[in-house]
There are 2 protein chains.
Amino acid sequence: MSYLEQIASPTLLIDEKITRANLKKMANKVQALGKKLVPHWKTAQSRTIGNWAKEYGIQEVTASSISLAEYLCGQGWDSIHIAFPFNIREIPRLNRIAAKQGISVQVVNAATAKALAEGLTEKVEFFVELDAGYGRTGIQETQEAELEAILSQADGSEFLKFKGFYIHPGHTYYGKDTGKIHLESQEALAKMKAKYLHRYPNLVTRLGDTPGCAVRSEFGEVDELGPGNFVFFDLMQVQLGSCTKEDIAVCLAVPVVDIRKDRKEILIHGGGVHLAKDVLINEDGSKNFGEIVMLHEKSWSIPSHRSFVKSISQEHGIVQASDELLASVQVGDLLGILPVHSCMTADCMGSYLSLDGQVVDHAEGAR
Amino acid sequence: MSYLEQIASPTLLIDEKITRANLKKMANKVQALGKKLVPHWKTAQSRTIGNWAKEYGIQEVTASSISLAEYLCGQGWDSIHIAFPFNIREIPRLNRIAAKQGISVQVVNAATAKALAEGLTEKVEFFVELDAGYGRTGIQETQEAELEAILSQADGSEFLKFKGFYIHPGHTYYGKDTGKIHLESQEALAKMKAKYLHRYPNLVTRLGDTPGCAVRSEFGEVDELGPGNFVFFDLMQVQLGSCTKEDIAVCLAVPVVDIRKDRKEILIHGGGVHLAKDVLINEDGSKNFGEIVMLHEKSWSIPSHRSFVKSISQEHGIVQASDELLASVQVGDLLGILPVHSCMTADCMGSYLSLDGQVVDHAEGAR
């Protein structure tokens with residue numbers, strides 16, 4: 001039985017071959033540069049895909065939340081990093097992980113460092129996150145006193161250990177000056193490393209974001225790279241030039257529920273609760289919530305005539321269909337949709353189906 | 001112990017008193033008009049909240065998906081309606097529900113009616129959905145032949161039973177001409193009822209959407225009303241004039257992880273995976289992903305000085321904070337966020353915590 005016959009309702013498909021190729025390519029690139037790849041597992045959120053990653057020499061991962069760190073705990077990772085300004089209400093959960101597993105967190109203020117120093121009962125490392133310049137989060141260059149206050153908490157603690165500096169240059173997602181932004185981040189990390197290496201001889205610097213890590217081939221003195229989305233890629237990454245549509249490793253299989261040939265529209269069972277609502281803007285100003293691929297026995301293919309999801313609501317999507325697609329599609333058929341933002345789609349769906357019909361796990365996320 | 005001490009991570013709070021008041025107000029209004037209220041349970045997605053609803057005489061509900069219908073099956077509802085153009089790949093699941101429970105679906109084309117007539121082994125009613133004029137879904141006035149083809153499938157079937165006509169005038173969400181749109185929908189339903197009542201003497205008409213049902217007080221000959229969002233309301237409904245902020249029955253409790261007094265910003269653990277990414281636009285053109293309320297022992301309160309979530313990413317949110325909020329908040333505190341779109345937030349979170357510390361259930365949704 002083909003996996004297609006298993007599908008009655010919207011289902012997130014994963015192509016293991018493409019996923020492995022993405023993992024291998026990034027692992028080889030980073031290794032060739034003599035650096036360590038610590039992928040951000042917020043995209044895949046999977047133990048099984050984690051086991052694939054380990055085959056390419058990946059030994060540490062990054063989690064987006066303590067729930068995900070709990071899910072990945074005890075799965076053979078040398079260390080798990082929670083790349084989020086630590087929420088001190090979660091110290092008891094952190095201690096439970098740290099009792100079993102190498103773990104690090106991220107700190108951006110002295111209040112958090114103090115609460116950790118007081119509340120930890122197990123060894124926990126931390127990165128100080130530096131502001132990448134787009135004002136989301138992180139210590140700024142002018143906050144030298146705050147940084148010293150953080151480090152002094154760690155210096156006096158039995159359990160809280162300073163590991164190094166981290167930058168997530170998330171503004172590369174706005175698609176401008178990826179090279180320039182990455183270079184600035186590298187330089188900021190190099191400067192901090194030069195300044196603090198004598199006090200902390202083992203400190204490392206880590207830089208993470210898929211557009212930068214995919215496009216660039218030179219990372220200066222940075223020790224570790226932490227991209228996430230590259231495991232699956234998505235249409236946003238295609239637009240940013242990080243990959244091609246052929247590199248996208250997941251697609252949402254959706255049933256066709258109505259066809260309107262007069263309007264060249266196909267109504268699908270697949271909406272905001274499945275895809276999330278991330279959107280790209282087409283050249284003509286119209287919206288694009290995902291692009292159609294054709295599903296086959298063991299693969300999917302990108303049609304030469306483009307069809308895309310032009311609007312979505314909670315459960316519905318409307319596809320603007322090419323003539324070629326309209327000529328062949330019937331009510332009850334399945335179509336595939338390449339997602340705009342694969343991290344969010346995977347988080348909505350909560351599991352994957354492989355093209356040989358196996359369920360692949362995904363953490364429960366916010367639930 | 002207050003519910004507040006239970007919270008370490010982002011948690012969706014529900015105020016039972018506000019929820020019950022919203023249910024009671026709509027139930028009384030619809031009953032006074034001599035009509036039947038069949039609320040759309042895609043918002044609450046909860047068995048417990050369903051039991052509250054039954055106390056106000058509500059006996060039928062609407063589901064957004066077959067998964068939700070399965071979740072609500074056997075909970076004492078007279079009938080469950082799946083308000084989505086039926087996906088024929090789900091006929092086996094539909095038969096399993098129909099063996100236990102009154103159930104209806106929605107049909108917009110003859111291909112679907114034919115598949116149902118051929119595949120049903122239990123009695124299932126259906127509404128024909130009429131196009132409300134905003135082009136998402138439904139039979140159009142010009143599609144008389146298609147409608148006849150649907151009805152003839154039912155006429156010849158032992159199990160597939162025509163129940164009536166349904167309109168969801170979702171374009172009232174665009175905030176213009178709610179009264180006019182509702183009136184057009186009422187008239188379209190009345191026209192179809194007049195035309196088909198002699199053939200189907202028990203046929204009913206149903207109209208559903210919260211803005212229209214909340215704002216209007218006259219629904220003509222429509223038999224049944226099916227709003228959903230009114231159970232919780234949200235900031236979008238406040239903007240549409242359906243309710244006030246005091247009527248919003250859910251808020252997301254989020255831990256404060258950093259404070260930037262120089263930028264008047266508070267970084268919270270609460271992002272797209274918790275709130276969803278629905279957004280309103282402030283008067284000055286800036287974005288609003290939710291508004292801050294203050295959490296107390298047994299309630300929350302709306303501060304006189306507004307603070308709002310100005311940007312979100314997967315796990316983070318940045319609050320544009322009032323001076324009053326900045327003066328009192330500390331790292332590790334909890335804030336409440338009134339959601340922009342409560343249906344999506346509840347779907348992301350997957351459960352509620354009541355203000356007396358009880359977990360209230362929510363269906364698994366897409367998962």
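How many bridges join strand β7 (residues 160-167) of chain A to strand β8 (residues 204-207) of chain A, and do they run parallel or antiparallel? There are four bridges, and the two strands run parallel. One of the residues involved is Ile167(A), whose bridge partner in β8(A) is Leu207(A). Keep in mind as you read that this is a predicted model.

## Confidence

Here is what the predictor says about its own work. Chain A has an average pLDDT of 93, and 96% of its residues score at least 70. For the complex, the predictor gives an ipTM of 0.90 and a pTM of 0.92.

## The parallel sheet of chain A

The β7-β8 pair belongs to an open sheet of eight strands in chain A. Reading across this sheet, the order is β2-β9-β8-β7-β6-β5-β4-β3, and the pairing is parallel. At the edges stand β2 (36-37) and β3 (60-63) of chain A; each has a single partner strand, so one side of each has no neighbour in the sheet.

Helix α6(A) packs on this sheet, where it touches β5 (103-107), β6 (124-129) and β7 of chain A. The direction of α6(A) makes about 150° with that of β7(A).

## Helices α6 and α7

Helix α6 (residues 110-119) of chain A also has a helical partner: its axis and that of helix α7 (residues 144-155) of chain A come within 8 Å and cross at roughly 5°. With an angle under 35 degrees counting as roughly parallel, α6(A) and α7(A) are therefore roughly parallel to each other. On the α6(A) side the contact is made by Ala110(A), Ala113(A), Lys114(A) and Ala117(A), which meet Glu146(A), Ala149(A), Ile150(A), Gln153(A) and Ala154(A) in α7(A). Sorted by class, this contact has six nonpolar, one polar and two charged residues.

Now for chain B. The axes of α6(B) and α7(B) come within 8 Å and cross at roughly 5°, which makes α6(B) roughly parallel to α7(B). Here Ala110(B), Ala113(B), Lys114(B) and Ala117(B) of α6(B) make the contact with Glu146(B), Ala149(B), Ile150(B), Gln153(B) and Ala154(B) of α7(B). By class, the contact of α6(B) with α7(B) has six nonpolar, one polar and two charged residues.

Which residues of α6(B) are buried? They are Ala110(B), Ala111(B), Thr112(B), Ala113(B), Ala115(B) and Leu116(B). Their cover includes α5 (91-98), β5 (103-107), β6 (124-129), α7 (144-155) and β7 (160-167) of chain B.

## Strand β17 of chain A

Further along chain A, β17(A) is worth a look. Five of its five residues are buried, so β17(A) is largely enclosed by the rest of the structure. In a regular strand the side chains alternate between the two faces of the sheet. Both faces of β17(A) are covered, with His316(A), Ile318(A) and Gln320(A) buried on one side and Gly317(A) and Val319(A) buried on the other.

The pairings of β17(A) are set out below.

| Partner strand | Sense | Bridges | Residue opposite Val319(A) |
|---|---|---|---|
| β11(A), residues 265-269 | antiparallel | five bridges | Ile266(A) |
| β16(A), residues 308-312 | antiparallel | four bridges | Val309(A) |

The link from β16(A) to β17(A) is a hairpin through three residues.

Within strand β17 (residues 316-320) of chain A sits Gly317(A). Is Gly317(A) buried or exposed? With 20 or more other C-beta atoms within 10 Å counting as buried, Gly317(A) is buried because it has 28. Leaving aside residues up to four places away in sequence, Gly317(A) touches Val254(A), Ile268(A), Gly270(A), Gly271(A), Phe289(A), Val309(A) and Ile312(A). Gly317(A) and Gly272(A) lie 45 residues apart in sequence, while their C-alpha atoms are 8.3 Å apart in space.

## Where the chains meet

Finally, the contact between the two chains takes 49 residues from chain B and 49 residues from chain A. On the side of chain B that touches chain A, the elements giving two or more residues are β4 (79-85), α6 (110-119), β10 (250-260), β11 (265-269), α11 (272-275), β17 (316-320) and α13 (342-349) of chain B. The largest share there, five residues, comes from α13(B). By class, the residues on this side of chain B divide into 22 nonpolar, 17 polar and ten charged.

Notes:
Residues numbered from 1 in each chain as written. Chains lettered and ligands numbered in written order. Predicted model: local features only at pLDDT ≥ 70, side-chain atom pairs only at ≥ 80, totals over all residues. Axes fitted to C-alpha atoms, helices over the stretch in contact; angles between N-to-C directions. Parallel < 35°, antiparallel > 145°, perpendicular 65-115°, else oblique. Contact = placed C-beta atoms within 7 Å. Nonpolar A, V, L, I, M, F, W, Y, C, P; charged D, E, K, R; others polar. Buried ≥ 20, exposed ≤ 12 C-beta atoms within 10 Å, placed from the backbone. Pairing = 2+ DSSP bridges. pLDDT = per-residue confidence, 0-100.
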